[in-house]
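Subject: Structure handover

Hello,

Please find the structure we talked about below. My notes on it follow.

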Amino acid sequence: MSRGLVRALLALAALAASAAAAGGALVERIVGGSPVDATTYPFAVRLSIMDGPMDYRCGGTLIADDLVVTAAHCIVEPQMATPFLLEKVNVCYSDSNVSGQTCTVALNTTVHPRYNPLVLTNDIALIRIAPVEITSTTAPAAVYTGKLPENTTLTTMGWGKTDSSSEALPSTLMSTDIVVGSPDTCREAQPLYRSADGPDVCTVNALTPGRDSCQGDSGSPTVIAVDGGAQLVALTSAGIDLSNTSATDCAMPNGLAIYTHIYYYIDFIASTSGRPQSSFTGSAGAGGQSADSDRASSVAAAISCLPSVAAAIAALLVASAVL
Ligand SMILES: *[C@@H]1O[C@H](CO)[C@@H](O)[C@H](O)[C@H]1NC(C)=O
Ligand SMILES: *[C@@H]1O[C@H](CO)[C@@H](O)[C@H](O)[C@H]1NC(C)=O
Ligand SMILES: *[C@@H]1O[C@H](CO)[C@@H](O)[C@H](O)[C@H]1NC(C)=O
Ligand SMILES: *[C@@H]1O[C@H](CO)[C@@H](O)[C@H](O)[C@H]1NC(C)=O
């Protein structure tokens with residue numbers, strides 16, 4: 001059975017400009033969501049991987065002032081199966097609106113050693129960046145360590161497609177609620193799925209009709225409300241329409257989405273970063289851990305992420321990794 005299709009988005013770089021231009025007129029969001037301010041989710045970052053004329057679009061989450069967690073399939077070049085060169089990987093933060101973001105280049109990336117691009121297992125990677133200045137719109141998330149029973153409501157977000165039939169991308173961060181599915185339903189896509197407490201969190205579209213993550217949202221945060229704040233639960237990995245496993249449409253009535261469960265991979269995060277697990281988890285709410293004011297606040301490698309190319313809708317290729 002198919003594990004699903006990745007939710008990264010490979011687009012011609014020119015699309016970025018059209019996306020910004022379309023911002024004010026958007027009716028539909030993430031798919032079925034609404035715009036959110038960066039102060040609500042200051043840990044959400046946008047990844048723009050510029051590979052020649054192509055811009056590989058994803059998201060990620062700040063889990064420290066110098067560390068981003070994302071999907072492995074976002075930073076592994078699909079044809080070569082090796083990580084993209086660091087200078088191609090831009091991490092953009094500090095604003096929900098793409099045009100106001102500051103971007104910084106990756107200093108180091110680590111893909112999970114058992115990432116399998118064919119079946120999309122262990123779809124997680126870490127990106128190290130120069131420490132960012134912690135502000136009301138830029139702050140790390142704390143990793144949620146609790147259980148995730150069936151029917152738990154989560155919130156997913158990203159700068160990805162808002163409608164499967166349209167190539168337009170939103171200019172601002174969008175979010176929507178999604179709900180953890182029953183193991184029986186999720187096993188239709190993943191025979192080994194037991195619960196959302198394992199390596200993956202599976203959400204079922206039928207529980208939130210018309211709402212889903214979509215291409216371009218890969219790697220982006222999925223959070224749970226804790227004490228009025230938000231803690232990081234998972235990252236967007238893949239989606240599948242059980243009625244047509246070769247279709248890439250999102251929010252289909254018989255669809256599922258698969259998210260990599262961050263806490264399940266806390267050992268990988270701790271060992272890769274050389275920091276204790278406790279530095280990534282905790283009771284912090286929105287904004288996660290408190291700012292470390294001693295860290296360097298200037299972002300030397302900051303560059304602009306918004307290409308100055310003319311708006312032009314061009315052919316759009318959706319990266320597919322089908323089983
Ligand atoms: C994003 O910023 C651009 C440029 O300032 C602006 O034109 C656009 O309306 C903004 N989008 C939203 C949704 O606020
Ligand atoms: C989850 O919600 C569905 C629909 O409301 C309900 O039928 C089901 O019994 C719930 N499952 C659990 C374990 O509570
Ligand atoms: C399934 O999706 C593919 C890809 O979009 C499409 O070409 C095909 O016609 C669809 N099949 C059915 C039965 O709808
Ligand atoms: C960076 O590179 C070193 C190897 O020099 C590696 O051990 C480390 O885990 C890497 N990853 C990150 C995200 O810093």
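I start with a single pairing: Leu5 has Gly239 of β15 as its bridge partner. Please keep in mind throughout that this is a predicted model.

That bridge belongs to the pairing of strand β1 (residues 5–6) with β15, which is antiparallel and has 2 bridges. β15 turns up again in most of what follows, so to speak, as the thread of these notes.

**Strand β15 and its partners**

Strand β14 (residues 221–226) also runs antiparallel to β15, and 6 bridges join the two. Within β15, Leu235 is the bridge partner of Pro221. β14 and β15 make a hairpin with 2 residues between them. In the turn of that hairpin, Asp227 has a positive phi of about 50°.

Strand β16 (residues 255–261) is another antiparallel partner of β15, joined to it by 7 bridges. Here Thr236 has Tyr259 of β16 as its bridge partner.

How many residues of β15 are buried? The count is 12 of 13, and the strand is mostly covered.

**The chain as a whole**

The chain contains 4 helices and 17 strands. It has 323 residues, and 50% of them count as buried. Among contacts in the chain with a separation of 6 or more, 76% are between residues 24 or more positions apart.

**The nonpolar core**

The largest nonpolar core consists of 82 residues. The residues with the most contacts inside this core are Leu62, Ile63, Val91, Ile127, Leu232, Val233 and Ile262. Which strand gives the most to the core? It is β15 (residues 229–241), with 7 residues. The core takes at least three residues from domain 1 (10–36 + 141–266 + 274–302) and at least three from domain 2 (44–139).

Val91 is one of the residues with the most contacts in the core. Leaving aside residues up to four places away in sequence, Val91 touches Val45, Leu47, Gly60, Val68, Cys103, Thr104, Ala106, Ile127 and Ile129. Ile127, in that list, is also among the residues with the most contacts inside the core.

**Two residues with positive phi**

Ser94 is not a glycine, yet its phi is positive, at about 80°. Ser94 sits in the loop between β7 (89–93) and β8 (102–105). Is Ser94 buried or exposed? Ser94 is buried, because 21 other C-beta atoms lie within 10 Å and the cut-off for buried is 20 or more.

Asn122 is a similar entry: it is not a glycine either, and has a positive phi of about 55°. Its place is the loop between β9 and β10. Asn122 has 20 C-beta neighbours inside 10 Å and therefore counts as buried.

**Around ligand 4**

β9 and β10 come up again at ligand 4. The residues surrounding ligand 4 are Asn108, Thr110, Leu126, Arg128 and Thr272. Two elements, β9 (108–111) and β10 (125–128), give two or more residues to this shell. By class, the shell has 1 nonpolar, 3 polar and 1 charged residues.

If you open the model, I would suggest looking at β15 and its antiparallel partner β16, then at the core to which β15 gives 7 residues, and then at the shell around ligand 4.

Regards

Note on methods. Residues numbered from 1 in each chain as written. Chains lettered and ligands numbered in written order. Predicted model: local features only at pLDDT ≥ 70, side-chain atom pairs only at ≥ 80, totals over all residues. Near = placed C-beta within 6 Å. Nonpolar A, V, L, I, M, F, W, Y, C, P; charged D, E, K, R; others polar. Contact = placed C-beta atoms within 7 Å. Core = buried A, V, L, I, M, F, W, Y, C linked by C-beta atoms within 7 Å. Domains from an automatic or database assignment. Pairing = 2+ DSSP bridges.
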